[in-house]
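Please open the structure in your viewer and keep the sequence beside it. The tour below moves from one selection to the next and says what is found at each stop.

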Amino acid sequence: MIFTTTHRYSSLVPNEDLVNRLTGNKVHIHNLDFEVIRDEQSLSIIPFSEEENTLKTLPITQVDVQKDGNKTKVVITSKMRKIDSGGPMLVMLFCTFLLLASLVLLYIGGEPQITYTLLGMGMSIFVIFCIRMQMGYFDYVRKIRNYVKSNLGVQFG
């Protein structure tokens, strides 16, 4: 998926200690709680947003912890919830449509004013969309990743 991010780290802390440090904890980011749940082989950090009335695009984060010799490999994968993915995908589709329409009009020699207006609208909407995603969804992803790194004492690897 286009909004999925993966980061890999290594830690000297044993595998079970890493899992026990996070299991059952709650992460509080921007007045929203994220709960850490232990799955079969990994940890999931999911948003607790039942009381939230505003429209937000939130990530579900999977933390895979695997033993690798005397180190522990930590893989953090964040992806957008399926319920939230409709709006951003629709905006991306609309921007792509505006870009393609402006390129077609530019190629066939249509009216330059309409062509450049469509191109400008598509680019403006895309830039605003990217800024809003960085301030919202990707900010949650960064803060969850930093929370996991700070609690696990991980290093780049």
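Begin by selecting strand 1, which covers residues 5-11, together with strand 6; the two pair in the antiparallel sense over 7 bridges. Bear in mind along the way that this is a predicted model.

Within this pairing, pick Thr5, whose bridge partner in strand 6 is Ser78. Ser78 belongs to strand 6, which runs over residues 71-80, and with a relative accessible area of 2% Ser78 is buried. If you display side chains here, you will find a polar contact of 3.0 Å between the side chains of Ser78 and Thr61. Leaving aside residues up to four places away in sequence, Ser78 also touches other residues, among them Phe3, Pro59, Tyr137 and Val141.

Next, widen the selection to the whole of strand 6, where 7 of the 10 residues are buried. Add strand 5, residues 59-68, which pairs with strand 6 in the antiparallel sense over 10 bridges; along this pairing, Gln66 stands opposite Lys73 of strand 6. Strands 5 and 6 form a hairpin with 2 residues between them, and in the turn Gly69 has a positive phi of about 70°.

From the hairpin, turn to the largest nonpolar core, which has 22 residues, and select Leu22, Phe34, Ile45, Val63, Val74 and Val148, the members that touch the most others. Strand 5, strand 6 and helix 4 (137-152) are among the elements that each supply at least two residues of this core, and helix 4 gives the most, with 5 residues. Centring the view on Val148 shows its contacts with Leu22, Ile45, Val63 and Ile76, again not counting residues up to four places away in sequence.

A second, separate core of 8 residues includes Phe3, Tyr137, Phe138 and Val141.

Now look for ring pairs, of which a search of the whole structure finds 4. The rings of Phe3 and Phe129 have their centres 6.3 Å apart and their planes at 70°, so this pair is edge-to-face. Because Phe3 lies in the segment before strand 1 and Phe129 in helix 3 (residues 112-135), the pair ties together parts that are 126 residues apart in sequence. Both of these residues, Phe3 and Phe129, are buried. Phe3 and Tyr137 are also edge-to-face, since their ring centres are 6.4 Å apart and their planes are at 75°. To see the cluster that ring pairs form, select Phe3, Phe129, Tyr137 and Phe138 together.

As a last stop, select Lys26 and Phe48, where the charged end of Lys26 sits over the ring of Phe48, 5.4 Å from its centre.

Key. Residues numbered from 1 in each chain as written. Predicted model: local features only at pLDDT ≥ 70, side-chain atom pairs only at ≥ 80, totals over all residues. Heavy atoms only, no water. Helix = DSSP H or I, 4+ residues; strand = E, 2+ residues; numbered from the N terminus. Buried < 20%, exposed > 50% of the residue type's maximum accessible area, 1.4 Å probe, protein only. Polar contact = N/O pair within 3.5 Å; in protein donor to acceptor, adjacent residues only side chain to side chain. Contact = heavy atoms within 4.5 Å. Pairing = 2+ DSSP bridges. Core = buried A, V, L, I, M, F, W, Y, C linked by side-chain atoms within 4.5 Å. Phe/Tyr/Trp six-rings, centres within 6.5 Å; stacked < 30°, edge-to-face > 60°. Lys NZ or Arg CZ within 6 Å of the ring centre and 35° of its normal.
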